[in-house]
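Welcome! Here is a short tour of the structure below, taken one helix at a time.

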Amino acid sequence: MSEITGAQIRAARALLKWSAEDLAETASVGLSTIRRAEAENGVPSITAANLKLIRMTLENAGVLFLSSEGGGVGVRFKEPN
């Protein structure tokens with residue numbers, strides 16, 4: 001699992017129409033952690049455990065994180081099964 005970037009977290013929240021508060025509550029992390037993670041365009045300087053919680057929360061909500069191998073990092077909704 002590759003690391004996600006702050007820009008991807010911001011974009012994922014936008015896709016879901018979630019506020020930073022929504023993500024913090026759903027992921028069980030502090031609002032300041034979300035704000036700190038999103039302040040960086042690259043890999044956020046937050047704990048690996050918190051980054052994993054954020055990623056898992058967004059993925060469980062239907063977001064797919066795209067790696068740089070596919071033409072550039074990004075996010076999109078997962079395709080329905």
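Keep in mind as you look around that this is a predicted model. A good place to begin is Gln-8, which sits in helix α1, the stretch of residues 6-16. Is this residue buried or exposed? With a relative accessible area of 4%, Gln-8 falls under the 20% cut-off, so Gln-8 counts as buried. Its side chain reaches the backbone oxygen of Gly-74 at 2.8 Å. Leaving aside residues up to four places away in sequence, Gln-8 touches Glu-3, Phe-65, Leu-66, Val-73, Gly-74 and Val-75.

Now for the other helices, whose positions are listed here.

| Helix | Residues |
|---|---|
| α2 | residues 20-27 |
| α3 | residues 31-38 |
| α4 | residues 48-60 |

Let us take α3 next. Its residues Thr-33, Ile-34, Ala-37 and Glu-38 are buried. Viewed down the axis of α3, the buried residues fall within an arc of 125 degrees, so they line one face of the helix. There is a general reason behind such patterns: an α-helix has 3.6 residues a turn, so residues three or four places apart point the same way. The cover over the buried residues of α3 includes α1, α2 and α4.

Finally, how do α2 and α4 meet? Their axes come within 9 Å and cross at roughly 105 degrees, and the two helices are therefore roughly perpendicular to each other. On the α2 side, Leu-23, Thr-26 and Ala-27 take part, and they meet Leu-53, Ile-54, Thr-57 and Leu-58 in α4. Sorted by class, this contact has five nonpolar residues, two polar ones and no charged ones.

Notes: Residues are numbered from 1 along each chain as its sequence is written. This is a predicted model: local features need pLDDT of at least 70, side-chain atom pairs count only at pLDDT 80 or more; totals for chains, interfaces and linings use all residues. Side-chain values use heavy atoms; hydrogens and water are left out. Axes are lines fitted to C-alpha atoms, for helices over the stretch in contact, and angles run from 0 to 180 degrees between N-to-C directions. Helices (H or I, at least four residues) and strands (E, at least two) are DSSP runs, numbered from the N terminus. Angles under 35 degrees count as roughly parallel, over 145 as roughly antiparallel, 65 to 115 as roughly perpendicular and the rest as oblique. Contact means heavy atoms within 4.5 Å. Ala, Val, Leu, Ile, Met, Phe, Trp, Tyr, Cys and Pro count as nonpolar, Asp, Glu, Lys and Arg as charged, and the others, Gly among them, as polar. Buried means under 20% relative accessible area, exposed over 50%, partly exposed in between (1.4 Å probe, protein chains only). A polar contact is a pair of N or O atoms within 3.5 Å; within protein, one must be able to donate a hydrogen and the other to accept it, and residues adjacent in sequence count only if both atoms are side-chain atoms. The arc is that of the directions from the helix axis to the C-beta atoms.
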